[in-house]
Amino acid sequence: MPFDLQPTLRGKRVELRPLRAEDLDELFAVAADPLIWEQHPASDRHQRAVFQTFFEEALASGGALIALDAESGRVIGSSRFFAYDARASQVEIGWTFLARSFWGGRYNAEMKCLMLEHAFRFVDRVVFLVGINNRRSQRSRRLEPVT
């Protein structure tokens, strides 16, 4: 069975679904916060033109997911599966960002657990991509099972 890079995944806090072109404005409303990107290598991604390029690359990747608050249905961020390699039995997870009001681990942890559970149905290894200076993301990679 081929890897489904754009599943719809649902948890108690987060719903992930395939990113669509019509999501641009709502996702940019989240991404326009400069503090989201301050430790990121692309620290100017809060600018519309820079984000537009990121968004187009996400769509073209075929693995981008938009994150919704499961309770309100509001767009809260995105993440991506990338570089699926059937021979190596691995896939990458990265390009994740969340609105600051959803920081603190619970939403990110659930999102990553949903993505990991899905990925391990198809591959033996998942690689997380985190910027070398992105201390917040490095700390958030300590995942615990979502209950």
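Strand 3 (residues 64–69) and strand 4 (residues 75–85) are joined in the antiparallel sense over five bridges, where strands are DSSP runs of E of at least two residues, helices are runs of H or I of at least four residues, and both are numbered from the N terminus; two strands are taken to pair if DSSP finds at least two bridges between them. The model is a predicted one, in which local features need pLDDT of at least 70 and side-chain atom pairs count only at pLDDT 80 or more, while totals for chains, interfaces and linings use all residues. Residues are numbered from 1 along each chain as its sequence is written, and side-chain values use heavy atoms, with hydrogens and water left out.

Within the pairing of strand 3 with strand 4, Leu65 has Ser79 of strand 4 as its bridge partner, and Ile66 stands opposite Ser78 in strand 4. Five residues lie between the two strands of this hairpin, in which Gly73 adopts a positive phi near 80°. Strand 4 also pairs with strand 5 (residues 90–98), again in the antiparallel sense, over six bridges, and the bridge partner of Phe81 in strand 5 is Ile93. The hairpin of strand 4 and strand 5 has four residues between the strands, and Ser89 takes a positive phi near 55° there.

Strand 3 is likewise paired with strand 2 (residues 14–18), in the antiparallel sense and over five bridges; Val14 has Asp69 of strand 3 as its bridge partner, and Arg17 stands opposite Ile66 in strand 3. Six of the six residues of strand 3 are buried, a term that denotes under 20% relative accessible area, with exposed denoting over 50% and partly exposed the range in between (1.4 Å probe, protein chains only). Both faces of strand 3 are thus represented, with Ala64, Ile66 and Leu68 buried on one side and Leu65, Ala67 and Asp69 buried on the other.

At the level of the whole sheet, six strands form an open arrangement in the order 1-2-3-4-5-6, with mixed pairing. Its edges are strand 1 (9–10) and strand 6 (125–128), each of which pairs on one side only. In general, strands of a sheet pair through backbone hydrogen bonds, either parallel or antiparallel. The secondary structure of the protein chain comes to five helices and six strands, which follow the pattern β-β-α-α-α-β-β-β-α-β-α along the sequence; of the 147 residues of the chain, 44% count as buried.

In helix 3 (48–61), the buried residues include Phe51, Phe54, Phe55, Ala58 and Ser61. These residues cover an arc of only 120° around the axis, which puts them on the same side of helix 3, the arc being that of the directions from the helix axis to the C-beta atoms. On the other side of helix 3, Ala49 and Ala60 are exposed. The 14 residues of helix 3 should span 20 Å at 1.5 Å a residue, and its end C-alpha atoms, 20 Å apart, agree with this value, the expected span being 1.5 Å times one less than the number of residues.

Helix 4 (residues 106–119) also has 14 residues and an expected span of 20 Å, in agreement with the 20 Å between its end C-alpha atoms. Because 11 of its 14 residues are buried, helix 4 is largely enclosed by the rest of the structure; among the buried residues are Met111, Cys113, Leu114, Met115 and Leu116, together with Glu110, Lys112 and His118.

The structure holds one cavity of 30 Å³ or more, a cavity being a set of points, on a 1 Å grid over the protein atoms alone, where a 1.4 Å probe fits but cannot get out, with lining residues having an atom within 4 Å of a point. About 50 Å³ of space lies in the largest cavity, the volume being the space filled by probe spheres set on the points, which are joined across faces, edges and corners. Its lining consists of Leu19, Leu27, Phe54, Phe55, Ala58, Ala64, Ser78, Ser79, Arg80 and Trp95, and helix 3 and strand 4 each supply at least two of the lining residues. The lining divides into seven nonpolar, two polar and one charged residue, where Ala, Val, Leu, Ile, Met, Phe, Trp, Tyr, Cys and Pro count as nonpolar, Asp, Glu, Lys and Arg as charged, and the others, Gly among them, as polar.

Terms used. On a 1 Å grid over the protein atoms alone, a cavity is a set of points where a 1.4 Å probe fits but cannot get out, and a pocket is an open set with protein on both sides within 12 Å along at least five of seven lines; lining residues have an atom within 4 Å of a point.
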